Amino acid sequence: MSTSPAVRLVTCAHLPELAPDDQELLHALRRKGIDVEVAVWDDPTVDWAAAPVTVIRSVFDYHLRPAEFLAWLADIESKTTVHNAPEIIKWNAHKSYLRGVAEAGFDIIPTHWLSRDESVDIATIRARNSWTDIVVKPAISASAHRTLKVTGDNLAEGQAHAEDLLRDGDALVQPYLYDFETTGETSVIWLGPRQTHSVRRPSGIHTTLEEAHVGAPLTPSESEIALAGKVYDWITPKPLYARIDIIDSVDYGLLVLELELIEPALYLRHSTAVADAFADAVIDLIER
């Protein structure tokens, strides 16, 4: 392999060859004759300046060591062009970004925000908001990590979980939407400047990571695609890749769930054309 690849795809130590879905981008770039290398983000032997373009992909452990990950990102951004842009990744890494989404006029799941080390009473939050079942989760998380569904039957567990989360960082409480179990999430995906495809995703709280990364192709409703498009247009600077997760809920209507801008599954396995579109967007960066 060349010591000076045109592009690096970044992964984590437990997926040194990338996640299966991201391998489709690797294959597409190689089919197009691009010298591409895969590197683990916390590998101290990597010379990040050797590749002009670095694309974040299967860094599925960033939320376990967020300070270390963001320090690494700050270190390499002067050595290579990183995508998504470091400012996007830093903003997207803490779920407080959803406050900005709401302030921009987009509806999100009603949220009670909790700050590190503050006192919390989960039963009171649940009762005051008339939420039957709730979800308690950390503000820095991925794939439902440390996310707990709390009902009237496990309030003590939910209280202990919230207190445990707040010893480590910020957290949030939201109503549990049963739409996750019925209609599921709609993920609308952009690769480069193009909205390329969409999938129906099972909720991460109910499935394994691999199951959540399979999904099923679908055509969103007009209202879903319109909302996702408005949110994408609002994101600045424009990302190389974006997955906007939305849900059409019975209780709250159409909601923005997440903007996935760091290491989202992009469902490249659904279509060679989709993987090729992502490869073309990366090649455009290399050729600039």
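This is a short walk through a helix packing, a pocket and a few backbone features of the structure above. Please keep in mind that the model is predicted.

Let's begin near the N-terminal end of the chain, with Leu18. This residue is found in the loop between strand E1 (7–11) and helix H1. Its phi is near 80°, which is a positive value in a residue other than glycine. Why stop to look at it? Most residues other than glycine have a negative phi.

From that loop, move on to H1 itself, which covers residues 20–31 and packs with helix H9, residues 272–287. The axes of the two helices lie 8 Å apart, and the angle between them is about 65°. Angles of 65 to 115 degrees count as roughly perpendicular, so H1 is described as roughly perpendicular to H9. As for handedness, the crossing of H1 and H9 is right-handed. If you would like to display the contact, select Glu24, Leu25, Ala28, Leu29 and Arg31 on the H1 side. On the H9 side, the partners are Thr272, Ala275, Asp276, Phe278, Ala279, Val282 and Ile283. Sorted by class, this contact of H1 with H9 has eight nonpolar residues, one polar residue and three charged ones.

Next, turn to the second largest pocket, which holds about 220 Å³ of space. Its lining is made up of 13 residues. To find the centre of this pocket, look for His63, Pro138, Ile140, Arg146 and Asp168, the lining residues that lie nearest to it. What classes of residue form the lining of the second largest pocket? They divide into six nonpolar, four polar and three charged.

Two peptide bonds round off the tour. Most peptide bonds are trans, but the bond from His83 to Asn84 is cis, with omega near -5°. Asn84 sits in the loop between strand E4 (81–83) and helix H3 (86–92). Further along the chain, the bond from Thr236 to Pro237 is also cis. Here omega is near -10°. You can find Pro237 in the loop between helix H8 (222–234) and strand E12 (241–249).

Key:
Residues numbered from 1 in each chain as written. Predicted model: local features only at pLDDT ≥ 70, side-chain atom pairs only at ≥ 80, totals over all residues. Heavy atoms only, no water. Axes fitted to C-alpha atoms, helices over the stretch in contact; angles between N-to-C directions. Helix = DSSP H or I, 4+ residues; strand = E, 2+ residues; numbered from the N terminus. Parallel < 35°, antiparallel > 145°, perpendicular 65-115°, else oblique. Left-handed = near helix turned anticlockwise from the far one by under 90°. Contact = heavy atoms within 4.5 Å. Nonpolar A, V, L, I, M, F, W, Y, C, P; charged D, E, K, R; others polar. 1 Å grid on protein atoms, 1.4 Å probe; cavity = no way out; pocket = protein on both sides within 12 Å on 5 of 7 lines; lining within 4 Å. Points joined across faces, edges and corners; volume = space filled by probe spheres on them.
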